[in-house]
Amino acid sequence: MVNKKTKIYVILLIWSAIFVQLFINSSINRESVMVNEVMSNASESLSVGEVKAYAYYGDSHLEEEKQESIVRNIASKLGIVSEYEIVKDIDDNQSIISLKKDGLQGETCIRIISTRKDDGADSNYITVEIRLKANNSEMVHQLKKDVVKVYEKLGMSANTNIYLCCQKKGKMTTEEINNEIDKFMEDMSAKEVKNVTFDDTVCVYGYSKNIDEYVCQEDNKVNVNIAFSYDEKEDVTYVHRAIPFIDKSF
């Protein structure tokens with residue numbers, strides 16, 4: 001059985017352990033370009049749209065009642081006022097209070113995560129994850145802006161990730177993939193940093209000076225990411241795009 005410390009590690013890994021120096025200011029223009037690119041590409045169909053945000057919420061001790069109040073307050077600010085579930089995972093060293101909502105437009109999970117440090121103090125984190133069901137990439141972009149505003153109202157500057165996964169019928173050729181990469185990097189005003197290829201998967205990381213938000217992967221700045229994976233059974237090529245990086249396996 002996976003212990004609770006491992007659960008916390010998995011939740012925060014992509015934010016704190018592998019990647020460092022994550023900053024956010026005004027990546028709105030490039031995000032808009034990415035979203036519009038997906039919307040205007042008739043050969044693609046959006047299958048997944050996700051927005052994630054994370055912020056440090058201080059090191060004061062928060063009682064369980066206060067933690068639950070915080071996630072309910074954030075949900076309310078996002079328009080979630082009913083038909084949600086509160087899930088609690090608590091022990092002496094850490095607690096996770098989650099508010100989950102499965103709605104017509106998508107799935108939302110709001111968490112407050114508190115971990116006990118060696119010195120006895122608590123470290124508190126708030127995460128918001130929204131996964132859209134509707135085939136509407138424009139809504140992803142708007143949701144990201146709404147989530148950032150909620151964090152700002154709470155006095156926090158959120159680290160964010162926006163992810164779009166589209167599908168194309170058939171297996172894309174190497175030439176088609178390379179053309180798609182070149183177009184994406186050009187549209188994002190980005191320079192290719194790293195290209196990883198294995199089996200039927202291609203993953204390319206890039207960096208754009210026009211996007212203030214970035215992560216450091218090894219010694220490289222990264223803030224745009226595109227990848228391609230082929231499902232032989234479905235005969236579909238999945239095209240993954242993200243700012244600043246794809247935060248899942250594919």
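This section describes the overall fold, the surroundings of one threonine, and the aromatic and charge–ring contacts of a predicted model.

In the predicted model, the protein chain contains five helices and twelve strands. Of its 250 residues, 49% are buried. Contacts across the sequence were examined for residues at least 6 apart, and 63% of these contacts join residues at least 24 apart. The accessible surface of the protein chain amounts to about 12,900 Å², with carbon and sulfur atoms contributing 45% of that area.

T237 is located in strand β12, which spans residues 236–243. Its relative accessible area is 2%, and T237 is therefore classed as buried, the limit for this class being under 20%. The side chain of T237 approaches the backbone nitrogen of M172 at a distance of 3.1 Å. Leaving aside residues up to four places away in sequence, T237 is in contact with C166, Q167, K168, G170, K171 and M172, as well as with S229 and Y230.

Three aromatic pairs are present in the structure. In one of them, the ring centres of Y54 and Y125 are 5.6 Å apart and the ring planes meet at 15°; the pair is stacked because this angle falls under the limit of 30 degrees. The pair connects distant parts of the chain, since Y54 belongs to strand β1 (residues 45–56) and Y125 to strand β5 (residues 122–132), with their positions 71 residues apart. Both partners fall in the buried class: Y54 has a relative accessible area of 9%, and Y125 has a value of 16%.

Y125 also pairs with Y56, again with a centre-to-centre distance of 5.6 Å, but here the planes are inclined at 55° and the arrangement is tilted. This pair likewise links distant parts of the chain, with Y56 in strand β1 and Y125 in strand β5, 69 residues apart. Y56 has a relative accessible area of 42% and is therefore partly exposed, as this value lies between the limits of 20% and 50%. Together, Y54, Y56 and Y125 constitute one aromatic cluster.

Tyrosine rings are also approached by lysine side chains. K221 is positioned over the face of Y214, 4.9 Å from the ring centre. The charged end of K248 is placed over the ring of Y163, at 5.0 Å from the centre of that ring.

Note on methods: Residues are numbered from 1 along each chain as its sequence is written. This is a predicted model: local features need pLDDT of at least 70, side-chain atom pairs count only at pLDDT 80 or more; totals for chains, interfaces and linings use all residues. Side-chain values use heavy atoms; hydrogens and water are left out. Helices (H or I, at least four residues) and strands (E, at least two) are DSSP runs, numbered from the N terminus. Buried means under 20% relative accessible area, exposed over 50%, partly exposed in between (1.4 Å probe, protein chains only). Contact means heavy atoms within 4.5 Å. Accessible areas come from the Shrake-Rupley method with a 1.4 Å probe; for residues, only the protein chains shown count as cover. A polar contact is a pair of N or O atoms within 3.5 Å; within protein, one must be able to donate a hydrogen and the other to accept it, and residues adjacent in sequence count only if both atoms are side-chain atoms. Rings of Phe, Tyr and Trp (its six-membered ring) pair if their centres lie within 6.5 Å; planes under 30 degrees apart count as stacked, over 60 as edge-to-face and the rest as tilted. A charge sits over a ring if NZ of Lys or CZ of Arg is within 6 Å of the ring centre and within 35 degrees of the ring normal.
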